[in-house]
Amino acid sequence: MTDQRPVGVALENRLMSHGIYVTAFETAGSDGNTTAETADAAIDDGTRIELEYETVSEVPGITSDEVGAVLRTLLAIADEREWQPGRLEVTSLTPEGDRRGTWHVEREWFDRLSTDLSQVEFSQHVLETVTQEALD
């Protein structure tokens, strides 16, 4: 058994300082079945992640700062554990539970980030996936 917290817990703990609160974190294996992460099970390279969080931001939509905070934190955890994330699907919520929008990262972009994709190109790809929800 490892003394490291599960990736979802580590992500949740670190994102709180950014005003981002994880409400759901699930992983999916190659079979597509989602599972809750356990404390003693490492996540395999390329595992798909479904993340949902709420933010206390007054901004009605998803911001590049918000996306950057989530990605920098996830990549730092991945680097510490010598692990490579797969596709990341993200939903952003208001504190009331209303959808602010969604965004995602393709596994290929994570894979290429350390080789032939610059951080600027990576960020551009991710920000192009942001969809904003109309809030009343």
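Let me begin with helices H1 and H2, which are oblique to each other in this predicted model, because their axes cross at roughly 135°, and an angle counts as roughly antiparallel over 145 degrees, as roughly perpendicular from 65 to 115, and as roughly parallel under 35. The two axes, with H1 spanning residues 7–15, come within 10 Å of each other, and the crossing of H1 and H2 is right-handed.

Which residues make that contact? From H1 it is Val7, Ala10, Leu11, Arg14 and Leu15, and from H2 they are met by Ala69, Val70, Thr73, Leu74, Ala76, Ile77 and Glu80. Sorted by class, the residues of this contact between H1 and H2 comprise nine that are nonpolar, one that is polar and two that are charged.

I would now like to turn to the largest pocket, for which the computed volume is about 290 Å³. Its lining consists of Ser64, Val67, Gly68, Leu71, Arg72, Leu75, Ala76, Leu113, Gln119, Phe122, Ser123 and Leu127, and you may find it useful to locate these on the structure while I speak. Which helices supply at least two residues each to this lining? They are H2, which covers 64–80, and H4, which covers 119–127, and of the contributions to the lining that of H2 is the most, at seven residues. In terms of class, the lining of the largest pocket is made up of seven nonpolar residues, four polar ones and one charged.

Finally, please look at Ala76, which is listed among the H2 residues in the contact with H1 and is also one of the residues that line the largest pocket.

Methods: Residues numbered from 1 in each chain as written. Predicted model: local features only at pLDDT ≥ 70, side-chain atom pairs only at ≥ 80, totals over all residues. Heavy atoms only, no water. 1 Å grid on protein atoms, 1.4 Å probe; cavity = no way out; pocket = protein on both sides within 12 Å on 5 of 7 lines; lining within 4 Å. Points joined across faces, edges and corners; volume = space filled by probe spheres on them. Helix = DSSP H or I, 4+ residues; strand = E, 2+ residues; numbered from the N terminus. Nonpolar A, V, L, I, M, F, W, Y, C, P; charged D, E, K, R; others polar. Axes fitted to C-alpha atoms, helices over the stretch in contact; angles between N-to-C directions. Left-handed = near helix turned anticlockwise from the far one by under 90°. Contact = heavy atoms within 4.5 Å.
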